[in-house]
Amino acid sequence: MGVIFLVLGISFGVYQSNLKEDCTESAQAMVLRLKENNDDGTSVYSPVVQFTDISGETVTAQNNTYSRPMRH
């Protein structure tokens, strides 16, 4: 299970680094749940995260990048 969160965390980190040109403040985010997509019969997952922005507003966001959990 920890490996899943590691992969998702790395994916989210890459996503966040791509936004750095627009957003320069960093924030701690909490993974609320994993959204499942099963379009082709194989389950893939994307993290749904929540954080507080610089103005104090709570933001819930989902990356549109899905991945399969690694096998153990």
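**Notes on a small sheet and its helix**

1. Let's start with the sheet. Three strands make up an open sheet in the order β1-β2-β3, and their pairing is antiparallel. The strands at the edges are β1 (30-37) and β3; each has a single partner strand, so one side of each is left without a neighbour in the sheet. On average, neighbouring strands here are turned by 20° against each other, direction ignored. Keep in mind as you look around that this is a predicted model.

2. Now step back to the whole chain. It has one helix and three strands, and reading along the sequence you get α-β-β-β. The helix is α1, covering residues 2-19. Of the 72 residues, 15% count as buried. The accessible surface comes to about 5600 Å², with 51% of that belonging to carbon and sulfur atoms. If you take the contacts between residues at least 6 apart in sequence, 32% of them join residues at least 24 apart.

3. Next, the β2 and β3 pair. Strand β2 runs over residues 44-52 and β3 over residues 58-62, and the two pair in the antiparallel sense over five bridges. Together they form a hairpin, with five residues between the strands. Have a look at G56 in that turn: its phi is positive, at about 95°. To get your bearings across the pair, use V49, which stands opposite A61 in β3, and F51, which stands opposite V59 in β3. As general background, strands of a sheet pair through backbone hydrogen bonds, either parallel or antiparallel.

4. Is S46 buried or exposed? This residue of strand β2 is buried, because its relative accessibility is 0% and the cut-off for buried is under 20%. Which residues does S46 contact, leaving aside neighbours within four places in sequence? They are R33, L34, K35, Q62, N63, N64, T65 and Y66. One link to pick out by eye is from the side chain of S46 to the backbone oxygen of T65, at 3.4 Å.

5. N63 is worth a visit straight after S46, since the two are in contact. You will find N63 in the segment after β3. At 5% relative accessibility, N63 counts as buried too. Its side chain has a polar atom 2.9 Å from the backbone nitrogen of T65. So T65 turns up twice: its backbone nitrogen lies by the N63 side chain, while its backbone oxygen is reached by the side chain of S46. Not counting residues up to four places away in sequence, N63 touches S11, F12, Y15, S46 and P47.

6. Last stop: I4, over in helix α1. Where does its relative accessible area put it? At 18%, I4 is buried, because the limit is under 20%. Apart from neighbours within four places in sequence, I4 is in contact with L34 and P69. L34 is a name you have met already, as one of the contacts of S46. Finally, compare positions in sequence and in space: I4 and S67 are 63 residues apart along the chain, and their C-alpha atoms are separated by 9.1 Å.

Methods
Residues numbered from 1 in each chain as written. Predicted model: local features only at pLDDT ≥ 70, side-chain atom pairs only at ≥ 80, totals over all residues. Heavy atoms only, no water. Pairing = 2+ DSSP bridges. Helix = DSSP H or I, 4+ residues; strand = E, 2+ residues; numbered from the N terminus. Buried < 20%, exposed > 50% of the residue type's maximum accessible area, 1.4 Å probe, protein only. Polar contact = N/O pair within 3.5 Å; in protein donor to acceptor, adjacent residues only side chain to side chain. Contact = heavy atoms within 4.5 Å. Areas by Shrake-Rupley, 256 points an atom, 1.4 Å probe, with all protein chains shown as cover. Axes fitted to C-alpha atoms, helices over the stretch in contact; angles between N-to-C directions.
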